[in-house]
Amino acid sequence: MRRPFETSFGTTTHKEFLLVSVSAGGVTGHGECVADSDPYYLPETSQTVLHMLRDFLVPLAFGLEIAHPRALLAAFARVRGHEMAKAALEMAVWELHARREGVPLYRALGGRGGTIATGVSIGLQPTPGALLERVVEEAAAGYRRVKIKIKPGHDRELVEAVRTRFPDLPLMVDANSAYRLADADLFVEMDRHSLTMIEQPLAWDDMVDHAALQRRIRTPVCLDESIHSGEDARRALALGACRVINIKAGRVGGFAGSLAVHDVCRASSVPVWCGGMLESGIGRLANVHLQTLPGFTLPGDTSASARYFEEDLVEPPVVVSPSGTIDVPEGPGIGHEIVWPRVEKATTFREEWKP
Ligand code: OSB
Ligand code: MG
């Protein structure tokens with residue numbers, strides 16, 4: 001990474017991920033797994049994903065006869081949980097499908113071409129001054145909304161510093177599950193800052209306390225870590241646990257899971273937006289295509305490759321215009337070229353499975 005990315009659960013300095021490639025009939029599709037090497041965001045890790053793929057999901061997939069990639073996630077249902085593992089394989093199959101059809105991924109997903117409007121996620125900074133410098137830089141780059149990370153002891157003063165300097169900036173916070181319901185007063189206090197939302201303030205596996213918090217504050221609660229399926233989205237909305245949902249395909253079993261969450265929210269007029277997991281261009285472009293679906297009415301966390309990496313694995317890299325937009329690629333699949341020599345150079349391990 002060009003610079004460390006700090007959240008309430010830890011600091012990422014190096015990006016390590018599994019790249020899944022699926023071949024059929026001379027065409028290959030690719031999917032980037034969002035699991036980290038550690039279980040600090042959610043329980044899965046690269047090693048648990050590898051185990052699930054090798055010992056359960058890949059053998060299961062080889063035995064399937066399906067007409068469309070949208071059927072794959074349902075066929076994985078016997079394996080409980082492990083959404084990141086399912087997504088890595090499922091998204092590679094969708095990408096393969098799009099390439100075989102010769103269409104951009106967005107078309108296979110039912111989205112549209114053009115551009116998407118996007119935002120930026122800024123990691124925890126040591127001081128309000130350091131954070132302000134970063135916000136100035138990103139606002140000048142054109143991002144349509146700024147998300148800042150908070151954690152206990154690093155919250156009020158960060159939000160106040162940004163709000164004072166940028167009274168009208170669409171601004172939100174993400175706590176990555178660092179607080180408890182007993183901290184509700186802090187969020188009541190934050191109501192006066194007109195944040196667009198507060199992302200995942202409470203436990204990663206909770207909906208009940210988030211519902212209690214949402215009843216106490218005007219600012220919308222957005223769930224990230226707590227949502228793993230369309231069913232979870234339905235439950236969260238039924239409980240009143242949130243008014244916005246962050247969709248990360250890797251967290252909900254892939255594109256079919258994303259479509260399910262999207263459709264549940266849309267039926268209730270609840271906005272969704274596309275989260276990020278510090279992806280390389282491969283996963284980043286998948287996110288670009290996904291958020292062309294009509295329910296993605298808020299800017300997401302998909303920012304320019306150059307914010308994260310000196311050199312991306314795709315060419316051209318993902319760039320953001322001065323008005324905060326990203327062009328949706330028109331080529332087949334993710335639509336940009338994967339630069340294989342760079343992938344080779346970064347590869348530490350490889351495993352291949354055949355039917
Ligand atoms: O909670 O959205 C999150 C990064 C890693 C893990 C979790 C999260 C994030 C981000 C960064 O906020 C999003 C991005 O820029 O890719
Ligand atoms: Mg989040």
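## The hairpin of strands 3 and 4

Strand 3 and strand 4 make a hairpin, and 2 residues sit between them. One of the turn residues is Gly25, whose phi is positive at about 55°. Bear in mind for everything that follows that this is a predicted model.

The two strands, residues 19–24 and residues 27–32, run antiparallel and are joined by 6 bridges. Ala24 has Val27 of strand 4 as its bridge partner.

## The parallel sheet

Elsewhere there's an open sheet of 7 strands with parallel pairing. Reading across it, the order is 6-7-8-9-10-11-12. Strand 6 (120–122) and strand 12 are the edge strands, each pairing on one side only.

For a look inside the sheet, take strand 10 (residues 221–223) and strand 11 (residues 244–247), which pair in the parallel sense over 2 bridges. Leu223 has its bridge partner in strand 11, namely Ile245. In general, strands of a sheet pair through backbone hydrogen bonds, either parallel or antiparallel.

## The magnesium site

Which residues coordinate the magnesium ion (ligand 2)? Asp174 and Asp224 each come in through OD, and Glu199 through OE, at 2.1 to 2.3 Å. Along the sequence these donor residues follow the spacing D-x24-E-x24-D. Asp174 belongs to strand 8 (residues 171–174) and Glu199 to strand 9, so to speak a link between distant parts of the chain, 25 residues apart.

Are Asp174 and Glu199 buried or exposed? Asp174 has a relative accessible area of 1%, so it counts as buried. Glu199 is at 0%, so it is buried as well. The cut-off behind both calls is under 20% relative accessible area.

## A buried aspartate with no salt bridge

Asp191 is in the loop that runs from helix 7 (184–190) to strand 9 (198–199). Asp191 is buried, yet it has no salt bridge. What is the nearest side chain of opposite charge to Asp191? That's Arg218, 4.4 Å away. A salt bridge has to be within 4 Å, which is why this pair isn't counted as one.

Arg218 does show up among the contacts of Asp191, though. Setting aside residues up to four places away in sequence, Asp191 touches Ile217, Arg218 and Thr219.

## Aromatic pairs

How many aromatic pairs does a search of the whole structure find? The count is 4. One of them is Trp94 with Phe255, an edge-to-face pair at 6.0 Å centre to centre and 80° between the planes. This pair ties together distant parts of the chain, with Trp94 in helix 3 and Phe255 in helix 10, 161 residues apart. Trp94 and Phe255 are both buried.

Tyr179 and Phe187 form another edge-to-face pair, with 5.1 Å centre to centre and 85° between the planes. Tyr179 is buried, with a relative accessible area of 2%. Phe187 comes out at 0% and counts as buried too.

## Backbone oddities

Two residues other than glycine have a positive phi worth a look. His82 has phi near 50°, and it lies in the loop between helix 2 (72–75) and helix 3 (83–101). At 24% relative accessibility, His82 is partly exposed. Ser269 has a phi of about 55° and is found in the loop between helix 10 (255–267) and strand 12 (272–274). Ser269 is exposed, with a relative accessible area of 68%.

There's a cis peptide bond to check as well. Going from Glu315 to Pro316, omega is near -10°. Pro316 is in the loop between strand 13 (314–315) and strand 14 (325–327).

## Asp209 in helix 8

Asp209 belongs to helix 8 (residues 208–216). Asp209 is partly exposed, at 32% relative accessibility. Neighbours within four places in sequence aside, Asp209 is in contact with Leu181 and Leu202.

How far from Tyr308 is Asp209, going by C-alpha atoms? They are separated by 34 Å, with their positions 99 residues apart along the chain counted as the sequence offset.

Notes:
Residues are numbered from 1 along each chain as its sequence is written. Chains are lettered from A and ligands numbered from 1 in the order in which they are written. This is a predicted model: local features need pLDDT of at least 70, side-chain atom pairs count only at pLDDT 80 or more; totals for chains, interfaces and linings use all residues. Side-chain values use heavy atoms; hydrogens and water are left out. Helices (H or I, at least four residues) and strands (E, at least two) are DSSP runs, numbered from the N terminus. Buried means under 20% relative accessible area, exposed over 50%, partly exposed in between (1.4 Å probe, protein chains only). Lys and Arg count as positive and Asp and Glu as negative; His and the chain ends are not counted. Contact means heavy atoms within 4.5 Å. Donors are N, O and S atoms within 2.8 Å of the metal (3.2 Å for Na, K and Ca); water is not among the atoms, so sites may look incomplete. Two strands pair if DSSP finds at least two bridges between them. Rings of Phe, Tyr and Trp (its six-membered ring) pair if their centres lie within 6.5 Å; planes under 30 degrees apart count as stacked, over 60 as edge-to-face and the rest as tilted.
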